[in-house]
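The following note is offered to a colleague who is meeting this structure for the first time. It proceeds by numbered points, from helix packing to single residues.

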Amino acid sequence: MSFKIDRGLFKYDFIDHHAVLCVPVDADVKEIRKRYLQVARRLHPDSSFTQTAAQKELGNELLSKLVNPAYEKLVGDRTRTEYILILSQIGKRLVQESTSITLNTDLAKQLVEAANTDHFYKTAIAKLAQTQYDSLEQALQVIAQASELNLVYLMRSVSKSSTAPPPAQPKVQSGTPQPNTPKNPLPAPAPAKDGLVVEQYVRRAQSLIEKNQFAQAKVELQEALKLEPKNSRCHSLIAMVYLRQNQLKMAKIHFDNALKLDPSDETALQWKPKIDKALGQQNSDHKVTSSPNNGDKQPDKSGSGGLFGGLFGGKKK
């Protein structure tokens, strides 16, 4: 059985995994896992919700072909990072193509006009989630509805974080023509300076770092550096992310940049000498283990000289 959805983000050859689980596009892993367990229990063949053989089969198909893949994509560090990057690019594309976008659902149309975008969006997603899989036959329609909300939310989020003029209002699908209806553009966000936008990226990155979600934090900081390449704080923060990911050379590059821009950066001053020492030790070990006079000696694979073994005192995560 194939599941075809041609509305919302699905129209862009993109599988909207957030819509499949009916979670906001900025949901964290904990929220995603909680939602997945709810849906999985609902769709499992042994669930009391699926009573007939046909319902059990449909529920199992939805679970195996849509829900499980969505969960796997959104909780894996690498796959989640790739997915978020693609989602970000689609958001920018949507703003450019806003005049050709057609909305079908009332919720999506209301979100276009909502004064408080975040509140309306998350409230609407939560309401859809309550009954998303109550009727398995209608599940794809609810997913499509959630995906339209995601589409509008991405457009408005990109619009708010950009200094470019706000996009035009998407077209509204209607059965009867409305020639006298004025074409109102999306509500224009308050003018945002790059510094304010960068600060938003930095705050999100710091929150992600505190949760040990380093891949996502790196994405936020990379976006910030696109806007302000000479922001020493961003260089220092992304260096710490690389440090936590055991990518010493990348950490060194960004700490060097941070110190060039701000010689008094405390974090860079603290960690750069340690990284230089660790990299020097790695180079020394490589020369020893690759020496022709070293007999059968093999490189140390214990990991004790790595980032957490060397710089963080051997403490394992």
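**Notes on helix packing and selected residues**

1. The axes of H3 and H4 approach to within 5 Å and cross at roughly 90°. An angle from 65 to 115 degrees counts as roughly perpendicular, so H3 is roughly perpendicular to H4. By class, three nonpolar, one polar and four charged residues make up the contact of H3 with H4. On the H3 side the participants are Glu 72, Lys 73, Leu 74 and Val 75, and they meet Asp 77, Thr 79, Arg 80 and Tyr 83 in H4. The reader should bear in mind that this is a predicted model.

2. For orientation, the overall composition may be stated next. The secondary structure of the protein chain comprises 13 helices and two strands. The chain has 317 residues, of which 42% are buried. Among contacts in the chain with a separation of 6 or more, 68% are between residues 24 or more positions apart.

3. A second helix pair is formed by H5, residues 106-113, and H6, residues 117-131; their axes come within 9 Å and cross at roughly 165°. Since an angle over 145 degrees counts as roughly antiparallel, H5 is roughly antiparallel to H6. The crossing of these two helices, H5 and H6, is right-handed. From H5, the residues Leu 107, Gln 110 and Leu 111 meet Thr 117, Phe 120, Tyr 121, Ala 124 and Leu 128 of H6. Six of the residues in the contact of H5 with H6 are nonpolar and two are polar, with no charged residue.

4. A third pair is H9 and H10, whose axes come within 10 Å and cross at roughly 155°. That angle makes H9 roughly antiparallel to H10. The crossing of H9 with H10 is left-handed, whereas that of H5 with H6 is right-handed. In H9 the contact involves Phe 214, Ala 217, Lys 218, Leu 221, Gln 222, Ala 224 and Leu 225. Their partners in H10 are Cys 234, His 235, Leu 237, Ile 238, Val 241, Tyr 242 and Arg 244. Divided by class, the contact of H9 with H10 has ten nonpolar, two polar and two charged residues.

5. Aromatic rings deserve a separate point. How many aromatic pairs are there? The count comes to three aromatic pairs. In one of them, Tyr 36 and Tyr 71 are stacked, with 4.1 Å from centre to centre and 15° between the planes. This pair links distant parts of the chain, for Tyr 36 belongs to helix H2 (residues 29-43) and Tyr 71 to helix H3 (residues 53-75), 35 residues apart. Both Tyr 36 and Tyr 71 are buried.

6. Gly 91 is located in helix H4, residues 77-96. Is Gly 91 buried or exposed? Its relative accessible area is 0%, so Gly 91 is buried. Apart from neighbours within four places in sequence, Gly 91 contacts Leu 154 and Val 158. The C-alpha atoms of Gly 91 and Leu 9 are 9.6 Å apart in space, although the two residues are 82 residues apart in sequence.

7. Gln 213 sits in the loop between helix H8 (194-210) and helix H9 (214-227). Residues under 20% relative accessible area count as buried; at 13% relative accessibility, Gln 213 is therefore buried. When neighbours within four places in sequence are set aside, Gln 213 is in contact with Asp 28, Val 29 and Leu 208.

8. Two residues merit attention for their backbone angles. Asp 13 is not a glycine, yet has a positive phi of about 55°. Asp 13 is found in the segment before helix H1 (17-21), and with 81% relative accessibility it counts as exposed.

9. Asn 246 is likewise a residue other than glycine with a positive phi, here near 65°. Asn 246 is placed in the loop between helix H10 (232-244) and helix H11 (248-261). The relative accessible area of Asn 246 is 40%, so Asn 246 is partly exposed.

Key. Residues are numbered from 1 along each chain as its sequence is written. This is a predicted model: local features need pLDDT of at least 70, side-chain atom pairs count only at pLDDT 80 or more; totals for chains, interfaces and linings use all residues. Side-chain values use heavy atoms; hydrogens and water are left out. Axes are lines fitted to C-alpha atoms, for helices over the stretch in contact, and angles run from 0 to 180 degrees between N-to-C directions. Helices (H or I, at least four residues) and strands (E, at least two) are DSSP runs, numbered from the N terminus. Angles under 35 degrees count as roughly parallel, over 145 as roughly antiparallel, 65 to 115 as roughly perpendicular and the rest as oblique. A crossing is left-handed if the near helix is turned anticlockwise from the far one by less than a right angle, and right-handed if clockwise. Contact means heavy atoms within 4.5 Å. Ala, Val, Leu, Ile, Met, Phe, Trp, Tyr, Cys and Pro count as nonpolar, Asp, Glu, Lys and Arg as charged, and the others, Gly among them, as polar. Rings of Phe, Tyr and Trp (its six-membered ring) pair if their centres lie within 6.5 Å; planes under 30 degrees apart count as stacked, over 60 as edge-to-face and the rest as tilted. Buried means under 20% relative accessible area, exposed over 50%, partly exposed in between (1.4 Å probe, protein chains only).
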